[in-house]
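Here are some exercises to work through with the model open beside you. Try each one before reading its solution.

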Amino acid sequence: MDTIQELMDAGEVLVIDGGMGTELERRGVPMDAQSWAGSALKTHPDLIRTIHRDFIDAGADILIANSYAAAPHVLRHAGFSEAEALALNRLSCDLVREAVAEAAPDRRIWIAGSLSSFYAGLSAWPSLDEARRSYALQAETLAAAGCDLLVMEMMLDITLSPLAVGAATATGLPVWVGFSVRTSNGQVLGLNDRTDLEFERIRDDCLGAGDAHAAGIMHSEMSDTPPGLDRLKEVWSGPLFAYPHSGSFRMPNWQFDDEVKPDAFAREAASYLDRGVTAIGGCCGMSPHHIAALSRRLGRDGRS
Ligand SMILES: [Zn+2]
């Protein structure tokens, strides 16, 4: 059977799932002030599995485990020990595997472990030693738990992001590096609310920190995603992915304002194919309805 690298290298079109944290919030799960959706692994594992199933039914080929805000240095601030945090990372992968076994045991679905530069606030900013150890343990745990790839989400912190990329590539799994961008006066910037971060800087630091297999733009406005992709392609000629968001974040809750409708999302997201993107999905605010519309648009329904 083809590996995810072989399919990506061959230009196969793959559907990524939508936002997990925002879907949990939409279904009534309180978001944690320190670990956002990370603590839901402890409090709402059954609902996480159900949402994975809904994304499988919507046609997703790649499911991202709910480990985005579950690095040990993040969960520590929500009251979890390192051992408990690593157990929750294993669980995040197991929940995807269980959802696949329940919903589509005969379909080839890839499990992506998520690592991010997420932290709750300046008071929760880890020391470099703590971050290095935390990312290494998280990446090794997700790899040992059976993830097929590791996706680096919201690489926007200039210090933490390269550490996370280095830890992920050390596992030997295929690594996808996801950047978040915004535009200002026609300029593409890293999506960082504390500073005007030059996109080139975070892009080059992260891509230079490890041997990535794919790169993309994620957790960015739909209108900012194409210019972000163009800036990425200036230095990146490998496989490309994209999964934009809809709405805005006010910690710890996503605001479902100006939500793009599923068909409009699908039309726009499918147009990323013209830019060479072959793995497409949604991030925050994008529900199973959005992914189902995208699957239909890409002619991928009726796959199970
Ligand atoms: Zn997002």
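**Exercise 1.** Leaving aside its neighbours within four places in sequence, which residues is Ala270 in contact with?

*Solution.* Keep in mind that this is a predicted model.
- Start by placing the residue: Ala270 belongs to helix H11.
- Next, list its partners beyond the four-place window: Ile280, Leu294, Arg297 and Leu298.
- Take one of these pairs further: Ala270 and Leu298 are separated by 28 residues in sequence, and their C-alpha atoms are 6.9 Å apart.
- Finally, check exposure. The relative accessible area of Ala270 is 13%, and buried means under 20%, so Ala270 is buried.

**Exercise 2.** Describe how helices H11 and H12 cross, and work out what kinds of residue meet there.

*Solution.*
- Begin with the axes of H11 (residues 262-270) and H12, which come within 8 Å and cross at roughly 50°.
- That angle makes H11 oblique to H12.
- The handedness of the crossing is right-handed.
- Now collect the residues: H11 contributes Pro262, Asp263, Phe265, Ala266, Arg267, Ala269 and Ala270, which meet His289, His290, Ile291, Ala293, Leu294, Arg296 and Arg297 of H12.
- Sorting the residues of this contact gives eight nonpolar, two polar and four charged.

**Exercise 3.** Find the protein donors of the zinc ion and explain which parts of the chain they tie together.

*Solution.*
- The protein donors are His219 through ND1, and Cys283 and Cys284 through SG, at 2.0 to 2.3 Å from the zinc ion.
- Written along the chain, the donor spacing reads H-x63-C-C.
- His219 sits in strand S9 (residues 214-221), while Cys284 is in the loop between strand S13 (277-280) and helix H12 (288-297), so this pair ties together parts 65 residues apart in sequence.
- Both His219 and Cys284 are buried.

**Exercise 4.** Is Thr278 buried or exposed, and what does it touch?

*Solution.*
- Locate Thr278 in strand S13.
- Its relative accessibility is 12%, so Thr278 counts as buried.
- Leaving aside neighbours within four places in sequence, Thr278 is in contact with Met8, Gly11, Glu12, Val13, Leu14 and Leu240.

**Exercise 5.** How many residues of helix H8 are buried, and which elements do they pack against?

*Solution.*
- Count first: in H8 (residues 160-169), nine of the ten residues are buried, leaving the helix mostly covered.
- Among the buried ones are Leu160, Leu163, Val165 and Thr169.
- Then look around them: the buried residues of H8 pack against strands S3 (110-116), S4 (149-153) and S5 (175-179), and against helices H7 (128-144) and H9 (199-207).

Terms used
Residues numbered from 1 in each chain as written. Predicted model: local features only at pLDDT ≥ 70, side-chain atom pairs only at ≥ 80, totals over all residues. Heavy atoms only, no water. Donors = N, O, S within 2.8 Å, 3.2 Å for Na, K, Ca; no water. Helix = DSSP H or I, 4+ residues; strand = E, 2+ residues; numbered from the N terminus. Buried < 20%, exposed > 50% of the residue type's maximum accessible area, 1.4 Å probe, protein only. Axes fitted to C-alpha atoms, helices over the stretch in contact; angles between N-to-C directions. Parallel < 35°, antiparallel > 145°, perpendicular 65-115°, else oblique. Left-handed = near helix turned anticlockwise from the far one by under 90°. Contact = heavy atoms within 4.5 Å. Nonpolar A, V, L, I, M, F, W, Y, C, P; charged D, E, K, R; others polar.
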